[in-house]
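Let's take a friendly look at one buried residue and the helix packing around its neighbourhood. Have the sequence and the model open as you read.

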Amino acid sequence: MENNMKLSDLLTDIEYVLVQGNLDIDINNIVYDSRKAQKDDVFVCIKGTGVDGHKFIPQTIEKGVTALIVTDEVKAPENITVVKVNDDRKALAYMSAAYFGYPANKLKTIGITGTKGKTTTTHLFRQVFERVGIKTGLIGTIETIIGDKKIPASNTTPESYVVQQSFAKMVEEGCECVVMEVSSQALKVGRVEGLSFDYGVFTNLTKDHIGDGEHENMEDYIYSKSLLFQKCKHGILNIDDIHYEDMIKNSTCDIHTFGKNKEANLLIDNIKLLRKEHFIGLELNTKGIIEDTFLVNTPGEFSAYNASSAILTTYLIGCKVENIKKALSKVAVKGRVEIVPVSSKYSVIIDYAHNGVSMQSILETMRAYNPKRIVSLFGCGGNRSKERRYDMGEISGRLADFTIVTEDNSRYEDINDIMNDIEIGLKKTSGKYIKIPSRKDAIKYAIDNAKEGDIILLLGKGHETYREINGVREHLDEREIIKDILNNK
């Protein structure tokens, strides 16, 4: 999808100073990773947290780069065009938009920000749109989805060039809409510069991502998130969140709200938890802009908020309520409270919960459905914090009726050492447990010993379809394991 363009055309939307050379040159591609530089490319020198692109100028010139975008004073041969800008990431973002022909203008764009539930909500939105007949692309933590292609993700929000490239491919594939997770970090460092979202969605905000290389404090985190509402036309926000006012303080968009607060445009009037054969979800009554009842195929009260944000957004975009209702009753997000149909007598759920907070959340969510027992099956990653293992052991011992300790991505550690660490946490409680090193065997044990009314939670792998041992990724998909167990029964 390379588009030969004049350098001057790429710089249309930015302030710059031409230090040397000529803007009337043909550019093959924009690069910001020196390793990818090729003949007639322009190299944008990005100053990252760990790496400064200016240091790699000689290598890129050797590879045939003809133009440089810099923020520092640099020395370059006379035949190289040097353009100085104030903001490297902003330059990359606007140049990328021009290079790919401003694809965002050809799509309805929806940006979702929040601490918890971004992944679930983006996938929920995409599925609702697809089910109501709007072809939709997705950019998120797990993957980017363009048509039938799924590309695994490296950052929550990719670099601006990749975002624009993905948008251009979506337009080519006939997508009308794109929904993307927008992290606070991406808003802070300008990965979504040059993008105006049609809709910005705020789910919730809790303390997270504070520390080196992230946000220096909570104020910075809150402020970074709120930037989305200076970058969209319509803001859709959870009015019940304690940071709602912070989000709208400097907003430039019109505001639409959902929540239990009487002021909400879409009022969550009543939530009824429902559990029947192969369905653990809820019934949701709404008032205000839409007076209706929705069946939601994902469990827990927080699902009512995710669903409400999707109901309000799809309605404002122009979808019929009947179609939204049909879609919501069928949506399921892979690896996020994913119900696997196994038996009418008990339930099996796969979820990505891989730390204390997310584990506590799912165990408490499931307790509200009054199961006979909650069986929690999990392991912990190798070469990671021991505190997390003690924590997860203790939480499972306290909140589940029975715990099966097994493997996760053990990486370069011995599985037994990791399980022993989890056991330290378990022993602080009176919870019953068993240790089974092989995840396959552990799942078989859970299913063989299931009792009527049980909810069996397979935690930690979620959407992952591998296990990592000694630097090698081997295929492991819990859905396939369950299928094999049932076929052999």
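## Arg479 and its helix

Arg479 has a relative accessibility of 17%, so this residue counts as buried (under 20% relative accessible area; over 50% is exposed and in between is partly exposed, with a 1.4 Å probe and protein chains only). This is a predicted model, where local features need pLDDT of at least 70, side-chain atom pairs count only at pLDDT 80 or more, and totals for chains, interfaces and linings use all residues. Residues are numbered from 1 along each chain as its sequence is written, and side-chain values use heavy atoms, leaving out hydrogens and water.

Arg479 sits in helix α15 (helices are DSSP runs of H or I with at least four residues, numbered from the N terminus). Which side chains does Arg479 join by a polar contact? The table shows two (a pair of N or O atoms within 3.5 Å, where within protein one must be able to donate a hydrogen and the other to accept it, and residues adjacent in sequence count only if both atoms are side-chain atoms).

| Side chains | Polar contact |
|---|---|
| Arg479 and Glu338 | 2.8 Å |
| Arg479 and Asp477 | 2.8 Å |

Now for the helix pair. Helix α14 (residues 439–448) packs with helix α15 (residues 478–488) at about 55 degrees, and their axes are 10 Å apart. The two are therefore oblique to each other (angles under 35 degrees are roughly parallel, over 145 roughly antiparallel, 65 to 115 roughly perpendicular, and the rest oblique).

Technical notes:
Axes fitted to C-alpha atoms, helices over the stretch in contact; angles between N-to-C directions.
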